[in-house]
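I opened this notebook to keep track of what I looked up, one entry at a time. The entries follow the order in which I went through the structure.

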Amino acid sequence: MCGITGIINHTGEPADESLCRKMTGTLVHRGPDGEGVYASGSVAFGHRRLAILDLTEAGHQPMISSDGNVILVYNGEVYNFPELKQELIREGYHFRGHSDTEVVLNALHCWGSDAIKRFNGMFAFAAWLRNENRILLARDRYGIKPLYYYNSSDSFLFASEVKALRQHPAFRFGVSEDALVEYFSFQNIFSDVTLFEGVKLLPAGHFIEVFPVRKVKEPVCYWDFDFQSTPVQKEEALEELQRLFEKAVERQLVSDVEVGAYLSGGMDSGGITCVASRQFKNLKSFTAGFDLSSASGLELNFDERERSEFLSNLYKTEHYEVVLKAGDMERVMPELTTHLEDLRVGQSYPNYYISRLAGRFVKVCLSGAGGDELFAGYPWRYYHNTVNGYNNGFADGYFKYWQRLVPDHLRESFFRPWLRERIDYDRPAQVFRHLLNNGLSDTKDPKAFINNSLYFESKTFLHGLLLVEDKLSMAHGLETRLPFLDNDLVDFAMKLPVELKLRDWQKMVKINENDLVSKARQFKSPSTDGKILLREMLQQYVPDNYCNGHKQGFSAPDASWFKGESMDYIRKFLYQKDARLYDFIEPSVAFKLMDEHMSGQKNRRLLIWSLLSFEWWLRMFG
């Protein structure tokens, strides 16, 4: 796990090695164990190393093939590298170390861009194929590892984080209007733009080719999600799911440093920790809890420490906890925003704190992310449009559901007058429909709409969670591994029939995630549904009451804190008309929406978090 950077000069002028080193130096948190820079002609690559596999100099990067034709900078872990290594040895390749980096290097030398489809893991890399005079940049199937690029008239720049790109004199700061309207529609960005004007995020499952002094091609999709139910006997599916799950966890335990695990009170992280604890005695586990003394309603169930402590005792892990309280968000916002850079889903400061905790003890930590999106863990999201309203009705209803922040009637007045004339208000709907249509296999079967929803959420919501997880774990030199996103397990999950994921798939349920308290009755009803086959399989590792309990997300009681102990902080930063964000957003509209939260009329916790995040983003980067 590392940080990568690069400069490719379109003009043919020699790439500045010292400038590349300066860019690379901004990523020291991603790779505190070493640095390397390679420059030749118009190309320069930089690398910061977090040593996980092969701690010797044999794992140093940039890495160069034995004949000098391939130069690689690579961030990630390819877990099937032992199998690929044996195949490459049969092809006549020799290895001087035992890192997965060297396997990726020789695989690209042997198979070119076709090698990317063979990799089972998480990665972002750049490889200079010198004999073809092209640079190949690629990102893993699911988007676990980020890769940003900035293409100016003179240079093509790439990096694991935007802060590295900002060191280059070609970079010009600006706020992307396209990204801004997406973010304040979805609390996420679904396309390849970012809030930094001109900076793009290479889409998950894509690669891009750059030819020095010639051209930059459009990104090419080499893999995509495909949820297509295939008939299967439940007993056979249950047995295969268990086999693939254990194989995925064991595959991701490969490491030359200590591995730990996040352990919430849920079944996904519990199952992973159980399997991992069989391999490692005294496995370290980590949980974040919340002080609920000022919480109310459903938020009173948000602290899962008691459940995680029970599981820790069951698996005999060495367990550590951090307890978050009102005020912890305020303390961390500047540092959090600096590391996050690319604003995405949800209140992410609890992720920052638990990553910091884990990073004090281990370099690698297992996470249960991905299970919900693959096995239908959010049933209230899928049901509300599966019975009534196919075709445009489905798309329209689903679009309105994912507009998480600003009510329809205030969408245009939300931005300042100068910006209203420039914003394309149709863009969010166009981006949304493009993604939704790509996953649509049938226009009549309601089960197809559920698969369509799973496709959409894997491409958007999961992707946003993965970006947040990468940035906030790597802020502490911590590599997060995700066994549920093992290629074989994902391929199996996508083929499972809807009936093995959802019990009540024919029902229509409408739930507003912004309003969990007043919608408690409806929320509680479907929360024991979803992940049906996965729940049954995980009973091999986790007590029945954990597998068959209500769905519980990882969230702080912000709805209460924002109108209670954090109110003064919010008023200080968001109720001042000279705040930076009001260069773009109409203050009167923002005040009106926040007032509705403070008075208890509406739960606007998501909007308040987004406003705070944007204000801090402008302060840290503007």
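**Entry 1, a pair across two strands.** I began with Glu35, and in this predicted model I found that Glu35 stands opposite Arg48 in strand 3. I then looked up how strand 2 and strand 3 (residues 43-49) are joined, and noted 7 bridges between the two, which run antiparallel.

**Entry 2, the sheet around them.** I next followed the pairing outward and arrived at an open sheet of 6 strands, whose order is 2-3-1-9-8-10 and whose pairing is antiparallel. Which strands stand at the edges? They are strand 2 (34-40) and strand 10 (199-201), and because each has a single partner strand, one side of each is left without a neighbour in the sheet. I also looked up the turn between neighbouring strands of this sheet, which is 15 degrees on average when direction is ignored.

**Entry 3, a helix on the sheet.** I then asked what packs on this sheet, and found helix 1 (residues 17-25), which touches strand 1 (2-9), strand 2, strand 3 and strand 9 (155-159). The direction of helix 1 makes about 150 degrees with that of strand 2.

**Entry 4, a cis peptide bond.** I looked up the peptide bond from Gln61 to Pro62 and wrote it down as cis, with omega near -5 degrees. Pro62 itself has its place in the loop between strand 3 and strand 4 (63-64).

**Entry 5, two positive phi values.** I noted that Asn133, although not a glycine, has a positive phi of about 50 degrees, and that Asn133 is found in the loop between strand 6 (121-129) and strand 7 (134-139). Lys316, likewise a residue other than glycine, has a positive phi near 60 degrees, and I located Lys316 in the loop between helix 8 (305-315) and strand 16 (318-324). Are these residues buried or exposed? Asn133 has a relative accessibility of 31%, so I entered Asn133 as partly exposed, whereas for Lys316 the relative accessible area is 56%, so I entered Lys316 as exposed.

**Entry 6, the length and cover of a helix.** For helix 17 (residues 461-474) I wanted to check the length, and since its 14 residues should span 20 Å at 1.5 Å a residue, I compared this with its end C-alpha atoms, which are 20 Å apart and therefore agree. How many residues of helix 17 are buried? I wrote down 13 of its 14 residues, so helix 17 is mostly covered, with buried taken as under 20% relative accessible area.

Key
Residues numbered from 1 in each chain as written. Predicted model: local features only at pLDDT ≥ 70, side-chain atom pairs only at ≥ 80, totals over all residues. Heavy atoms only, no water. Helix = DSSP H or I, 4+ residues; strand = E, 2+ residues; numbered from the N terminus. Expected span 1.5 Å × (residues − 1). Buried < 20%, exposed > 50% of the residue type's maximum accessible area, 1.4 Å probe, protein only. Pairing = 2+ DSSP bridges. Axes fitted to C-alpha atoms, helices over the stretch in contact; angles between N-to-C directions. Contact = heavy atoms within 4.5 Å.
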